[in-house]
Amino acid sequence: MRCPYCGSLDDKVLESRTMVNGESIRRRRECLSCGYRFTSYERIDERPFMVVKRDGRRQPFDTMKLEKGIERALEKRPVPNTMVEQLTNDIEDCAIKQGKENREITTTELGELVLEKLYEIDKVAYIRFASVYRHFETVEEFITEVKNIKKRSVNKKDATGEKHE
């Protein structure tokens, strides 16, 4: 480690301490040339998890952006705020597992994860998110998606053996 006072590369570590849940190490050092004492920090330099946009651009994964999209879809719906946070965490975990090998996920894959989770929680929020994510431009696209939800619900009831009309 280069001494910030004299520039020498010769130093000794006086003390090492693990910081912040083991995510970094604080080291007190003393320069062997001039005696100046200084502190250095050591932490893992991870490559950030990236989201690949439709046009090919890459952006770092932003949990807050994901959470805002989910909040907008669930706005004025009978879903507790804690559910939004849990949903965001679940989607982030799934995204990281899915993109583990190359540390990235496409917006298409991410959007489908969100839709899958919203479908389980609230069908209206699902439609809201789908309308933005899939760029609905006509009423017919909304109607088609609502009909698909009805078909999925009926098929689920068939699989569970429940009666339906």
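## Questions about this predicted model

Me: At 25% relative accessibility, does R103 count as buried, exposed or partly exposed?
Reply: R103 has 25% relative accessibility, and the classes are buried under 20% relative accessible area, exposed over 50% and partly exposed in between (1.4 Å probe, protein chains only). This is a predicted model, in which local features need pLDDT of at least 70, side-chain atom pairs count only at pLDDT 80 or more, and totals for chains, interfaces and linings use all residues. Residues are numbered from 1 along each chain as its sequence is written, and side-chain values use heavy atoms, without hydrogens and water. R103 therefore counts as partly exposed.

Me: Where is R103 placed?
Reply: R103 is not a glycine, yet its phi is positive, about 55 degrees. Helices (H or I, at least four residues) and strands (E, at least two) are DSSP runs, numbered from the N terminus. On that numbering, R103 sits in the loop between helix 2 and strand 6 (104–106).

Me: And K76, what is its relative accessible area?
Reply: K76 belongs to the loop between helix 1 and helix 2. Its phi is positive too, about 60 degrees, although K76 is not a glycine. K76 is classed as exposed because its relative accessible area is 78%.

Me: Which elements give two or more residues to the largest nonpolar core?
Reply: A nonpolar core is a set of buried Ala, Val, Leu, Ile, Met, Phe, Trp, Tyr and Cys residues joined through side-chain atoms within 4.5 Å. The largest one has 27 residues, and those with the most contacts inside it are I70, L74, I91, V114, L118, Y126 and F129. The elements giving two or more residues to it are helix 1 (63–74), helix 2 (81–98), helix 3 and helix 4.

Me: Which residues does L74 touch, leaving out those up to four places away in sequence?
Reply: L74 is among the residues with the most contacts inside the largest nonpolar core. Contact means heavy atoms within 4.5 Å. With residues up to four places away in sequence left out, L74 touches V79, V84, L87, L118, D122, A125 and R128.

Me: Which residue caps the N-terminal end of helix 4?
Reply: Helix 4 covers residues 123–133, and its buried residues are A125, Y126, I127, F129, A130, S131 and Y133. At its N-terminal end, a side-chain oxygen of the capping residue lies 3.1 Å from the backbone nitrogen of V124. A polar contact is a pair of N or O atoms within 3.5 Å; within protein, one must be able to donate a hydrogen and the other to accept it, and residues adjacent in sequence count only if both atoms are side-chain atoms. The cap is D122.

Me: Which residue in strand 3 stands opposite R27?
Reply: Two strands pair if DSSP finds at least two bridges between them. Strand 2 (residues 24–31) and strand 3 (residues 37–43) pair in the antiparallel sense over 7 bridges. Their hairpin has 5 residues between the strands, with G35 taking a positive phi near 85 degrees. Opposite R27 in strand 3 stands S40.

Me: What angle does helix 3 make with strand 6?
Reply: Strand 6 belongs to an open sheet of 3 strands with mixed pairing and the order 5-4-6. Strand 4 (residues 50–52) pairs with strand 6 in the parallel sense over 3 bridges. Axes are lines fitted to C-alpha atoms, for helices over the stretch in contact, and angles run from 0 to 180 degrees between N-to-C directions. Helix 3 packs on the sheet, touching strand 4 and strand 6, and its direction makes with that of strand 6 an angle of about 75 degrees.
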